[in-house]
Amino acid sequence: MNIRMLKGIVLLCATAVLSACKDEMKGEEAYLSFTLSSDYSDVYMRQRLSRILKSEDLILPDTNDFILTVNGPGGEIYNGPYGERPDPIKVQSGSYDVSLNSIEFERPGFSTPLFGDYRTVVTGNGQTVSVAFNCTQLNCGMKLIFTDSFKKRFPTSGISIQSDGQSLNYPYTETRTAYFDPGILRVICDDGGNSIPVLSRQLEAADMLTIKLSASAEASGSFSVSIDTARNWMSEDYTLGSGNDGSTMEKAMAVSDLALNLGAQDVWVTGYIVGGDVTTSNVVFSPPFTKESNLAISDNRNASAREDCAAIELPSSGEIREAVNLVDHPQYIGRRLYIKGDIENYFGHPGVKSIKEFLIE
């Protein structure tokens, strides 16, 4: 498991140096001893789980069955149940990575919250270092709730959550929370062979996000956050699409509408010009620009991620290309652009091609 958190270097000087008391600790030998904070008590752990139990059947293993790993300069020293560890563990002096995990968590899964701690400790010759593990949630969770409007818009779709090259299918019938390593989580809709990016969110360890997905004719949505001292609980209502049909400039579609309208022709689309030199995975967000053939727009004037942008293909020559390209007009960054064209996949994402008219505000 790749845990994205800073490793704290722990050298607990409060532990007595036992070199004068135990002859076997002389020379290059050292010892590691482990204790648990009060957070590992049965009462406290039940309180943590009660926040997410609800309809989910979650049972944490006994603390003695938590997985303790100790790795040092010579490789793995111990990997097994916490309750079966040697106490203390004899090691050579040096730096050691130690972790305590409630479960093995190697890939995304449902109802798999991961609790424990992760440290780096340094031992000196003849020392015993005592490591007191805290108990925190090390992974993050996302729960999706699908409204009837969303299921009606995508009646046969396959929904998945993807992160760091791993994917977990999330069918409409699923009611459990999906757990991932901290990072960027992307909700993807497979609609008749078209991969539609619905949204992406960056979650940290202990973040628990519930998203209610809708696809309605009106632009709406709300965001709320509630936090306790142990885990970050968030909920969000997310409406996919603005409800505009692109028939006129006043009803121009937003970037978030493009995935819902692949194949539409001669429609108006609007967004803020945020960058250029677009590729499948990248957008250049500040000058200088080198490509006159495309630019990127977004619903967010301060967009900084490729998935928040749509690529606009400029004609190979003519007035539109000369007037709009960012190589000659980098000052257009941040300006609102209205364009009339066809919505097609462009660089692997919904974009706009065959531009016929434009207006820059």
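The residues that line the largest cavity of this predicted model divide into two nonpolar, two polar and two charged. They are Pro 108, Ser 163, Asp 164, Gln 166, Phe 180 and Asp 181, and the space that they surround has a volume of about 30 Å³. A search of the whole structure finds one cavity of 30 Å³ or more.

**The chain as a whole**

The chain has three helices and 24 strands, and buried residues make up 47% of its 361 residues. Among the contacts in the chain with a separation of 6 or more, 62% are accounted for by residues that stand 24 or more positions apart.

**The largest pocket**

The largest pocket has a volume of about 780 Å³, and its lining is made up of 32 residues, of which Pro 197, Val 198, Leu 199, Glu 307 and Asp 308 lie nearest the centre. By residue class, this lining divides into 14 nonpolar, 12 polar and six charged. Four strands, namely S15 (183-191), S16 (194-203), S22 (309-313) and S24 (349-360), each supply at least two residues of the lining, and S16 gives the most, with seven residues.

**Ile 196 in strand S16**

Ile 196 is found in strand S16, the strand that gives the most to the lining of the largest pocket. Is Ile 196 buried or exposed? Its relative accessibility is 2%, and Ile 196 therefore counts as buried, given that buried means under 20% relative accessible area. Leaving aside residues up to four places away in sequence, Ile 196 touches Phe 154, Val 187, Ile 188, Cys 189, Asp 191 and Ala 259. One of these partners, Ala 259, is 63 residues from Ile 196 along the chain, while the C-alpha atoms of the two are separated by 5.7 Å. Another partner, Cys 189, is itself buried, with a relative accessible area of 0%.

**Strand S11 and its neighbours**

Strand S11 covers residues 140-146, and it is largely enclosed by the rest of the structure because five of its seven residues are buried. Cys 140 likewise counts as buried, at 0% relative accessibility. Although both Cys 140 and Cys 189 are buried, the structure holds zero disulfides.

S11 pairs with two strands in opposite senses: three bridges join S11 to strand S14 (residues 178-180), and these two run antiparallel, whereas S11 and strand S17 (residues 207-214) pair in the parallel sense over six bridges. Within the first pairing, Gly 141 stands opposite Tyr 179 in S14; within the second, Met 142 has Leu 209 in S17 as its bridge partner.

**Strands S20, S23 and S24**

Strand S23 (residues 336-346) takes part in two antiparallel pairings, one with S20 over six bridges and one with S24 over nine bridges. S24 is also among the strands that supply at least two residues of the lining of the largest pocket. S23 and S24 form a hairpin with two residues between them, and in that turn Phe 347 has a positive phi of about 55 degrees.

The strand pairings described here are set out below with one example of facing residues for each.

| Strands | Sense and bridges | Facing residues |
|---|---|---|
| S11 and S14 | antiparallel, three bridges | Gly 141 and Tyr 179 |
| S11 and S17 | parallel, six bridges | Met 142 and Leu 209 |
| S20 and S23 | antiparallel, six bridges | Thr 270 and Tyr 338 |
| S23 and S24 | antiparallel, nine bridges | Ile 339 and Phe 358 |

**Val 278 in the loop after S20**

Val 278 is found in the loop between strand S20 (267-276) and strand S21 (294-298). At 1% relative accessibility, Val 278 counts as buried, even though it belongs to a loop. Which residues does Val 278 touch, not counting residues up to four places away in sequence? They are Val 283, Lys 291, Asn 294, Leu 295, Ala 296, Arg 306, Ala 311 and Phe 347. Among them, Asn 294 is 16 residues from Val 278 along the chain, with 6.7 Å between the C-alpha atoms of the two, and Phe 347 is the residue of positive phi in the turn of the hairpin formed by S23 and S24. The contact with Phe 347 thus links the loop that holds Val 278 to the turn between S23 and S24.

Key:
Residues numbered from 1 in each chain as written. Predicted model: local features only at pLDDT ≥ 70, side-chain atom pairs only at ≥ 80, totals over all residues. Heavy atoms only, no water. 1 Å grid on protein atoms, 1.4 Å probe; cavity = no way out; pocket = protein on both sides within 12 Å on 5 of 7 lines; lining within 4 Å. Points joined across faces, edges and corners; volume = space filled by probe spheres on them. Nonpolar A, V, L, I, M, F, W, Y, C, P; charged D, E, K, R; others polar. Buried < 20%, exposed > 50% of the residue type's maximum accessible area, 1.4 Å probe, protein only. Contact = heavy atoms within 4.5 Å. Pairing = 2+ DSSP bridges. Disulfide = S-S within 2.5 Å.
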